[in-house]
Amino acid sequence: MTTRAEALARLSQQPDTVQPGLVYVVEAFRPEDAEAVCDLFYRVYQDAYPVDMYYIPDAVRGAVAEGALYPVVARLAGGEVIGFAALYRSSPPFAGLLEFGLGMVHPAYRGSLILFHLTTELMDLMNSLPSVEAVYGEAVCDTIITQHSSALFGFREVALELELMPGGGSGRISCLAVFRNIRDRRRTLHAPAFCAGELGKLLAWAELDREVVALGEESLAAQATRLEVQTFAHAGVMRGNVYSLSGDGAAAMRQAEAAAAEQGCRVFQWFLNLAEPSAAAGAWPLARNGYRLGGLMPRWFDDDALLMQKLLDPPAVERINLYSDRAREIQAMTLAEPAL
Amino acid sequence: MSATLEDLKKTFAFAIPADVLAKLDPAKPLAAQGVDSLAMTAMAVAMQNAFGVKVSVEEGLKLKTLNDVLAFVNKAR
């Protein structure tokens, strides 16, 4: 298997053959596009893109073959790929929830309508794939333009992920989580009492058909604690999924947080499965440990998740630009002390 | 009734950063005035929603300036 270093060495030797101003087609990825896709990632990010796969053509082909990546490309007649966008598996455990993103355009074609055509093609693809039940995106908040486009494409605001990504310089960038449901059924959720009002609003805004059951802190513990934790050292972020919590659950979450902090994480996110009362009740120990509401992440587990988040550094609120009143209301929710 | 440059600027109020929109010369290329791919995407969707026009790849390649966009909107709708 090619390593990242080998792939980058190869890419750095290749001349950029893309000429500006040429006619292109926008269509679904073909296996023979993989080399040109990797070349595009290199032209856009040089060696800085954190995910190795996008520099290694066989890895891109493999991800597409196994249904983890559904790209669309803008291609010149000579085979060069000048634009890319994709639906892809990322953090959510539910395989039917894909992330919408990775939009990029070759530097020679910036300021063109390529990204618009890629996004339109991806929307058509999204609606045609039977395995895709919902999609979400993370719209950056250093500008409102991505949020505006997301709204125009029918995505709904559901959460604000504070300080999620490293930005230019020393700052970080918050992201507005946006969501679009494609096919769903009525579900039952357990809403922790201290944030039930906020959850009710978010569910209504996302137009989700849910039966909401009020949950008290004394909610019964499960037989066993089941957590999954991912750390993204390059971004300084820990993400944990909570499936169920028993009596040792709160301690297990604290231990996971401490281990992630030792690896350099400064942002901690827990996604609590609201279909499972013991997982939803994890919101109380988290709130007592400095966590605040991040929002709702619909379909995260197939069932919806409550996002609780904690930052080791105060968020730079003045750098958060929000497009909609709903997004501003979500921001207010994320900054408020939980009313326990 | 034909759309005007002012109509376009109102439609693009959230698509193009305010400081860029305020100084936009309708005769000069958008890309050269700070309108990037993200803004172009938002512009195209806003245009589609406000004027009911859809931009094909071929047509999109010809839309370099705000005047080009205005001519396209008035011809297409």
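Tutor: Let's settle one word before anything else: two residues are in contact when they have heavy atoms within 4.5 Å. This is a predicted model, in which local features need pLDDT of at least 70 and side-chain atom pairs count only at pLDDT 80 or more, while totals for chains, interfaces and linings use all residues. Residues are numbered from 1 along each chain as its sequence is written, chains are lettered from A and ligands numbered from 1 in the order in which they are written, and side-chain values use heavy atoms, with hydrogens and water left out.

Student: Okay, how many residues of domain 1 of chain A are in contact with domain 2?

Tutor: Domain bounds come from an automatic or database domain assignment. For chain A that gives domain 1 (4–130) and domain 2 (187–313). Here 6 residues of domain 1 of chain A are in contact with 11 residues of domain 2 of chain A. The C-alpha centres of these two domains of chain A are 33 Å apart.

Student: How many helices and strands should I look for in chain A?

Tutor: Helices (H or I, at least four residues) and strands (E, at least two) are DSSP runs, numbered from the N terminus. Chain A has 10 helices and 14 strands. Chain B has 5 helices and 0 strands, so to speak an α-α-α-α-α pattern along its sequence.

Student: What radius of gyration does chain A have?

Tutor: That radius is taken over C-alpha atoms, and the globule rule is 2.2 Å times the number of residues to the power 0.38. Chain A, with 340 residues, has 21 Å, which agrees with the value near 20 Å for a compact globule. Its C-alpha atoms fill a box of roughly 65 × 40 × 40 Å along the principal axes. Chain B, with 77 residues, has 11 Å, and a compact globule would be near 11 Å, so that agrees too. The C-alpha box of chain B is roughly 30 × 25 × 20 Å along the principal axes.

Student: And what share of chain A counts as buried?

Tutor: Buried means under 20% relative accessible area, exposed over 50%, and partly exposed in between (1.4 Å probe, protein chains only). In chain A, 54% of the 340 residues count as buried; in chain B, 45% of the 77 do.

Student: Is Arg187(A) buried or exposed?

Tutor: Arg187(A) is buried, because its relative accessible area is 4%. You'll find Arg187(A) in strand 8 (residues 187–192) of chain A.

Student: Which side chains make polar contacts with Arg187(A)?

Tutor: A polar contact is a pair of N or O atoms within 3.5 Å; within protein, one must be able to donate a hydrogen and the other to accept it, and residues adjacent in sequence count only if both atoms are side-chain atoms. The side chain of Arg187(A) has one of 2.8 Å with that of Asp184(A), and one of 2.8 Å with that of Asp302(A).

Student: Which residues touch the most other members of the largest nonpolar core?

Tutor: Such a core is a set of buried Ala, Val, Leu, Ile, Met, Phe, Trp, Tyr and Cys residues joined through side-chain atoms within 4.5 Å. The largest has 125 residues, and Met308(A), Phe12(B) and Met47(B) touch the most other members. Helix 3 (residues 37–51) of chain B gives the largest share, 9 residues. At least three residues come from each of domain 1 (4–130) and domain 2 (187–313) of chain A. Apart from this core lies another, of 26 residues, including Ala34(A) and Met104(A).
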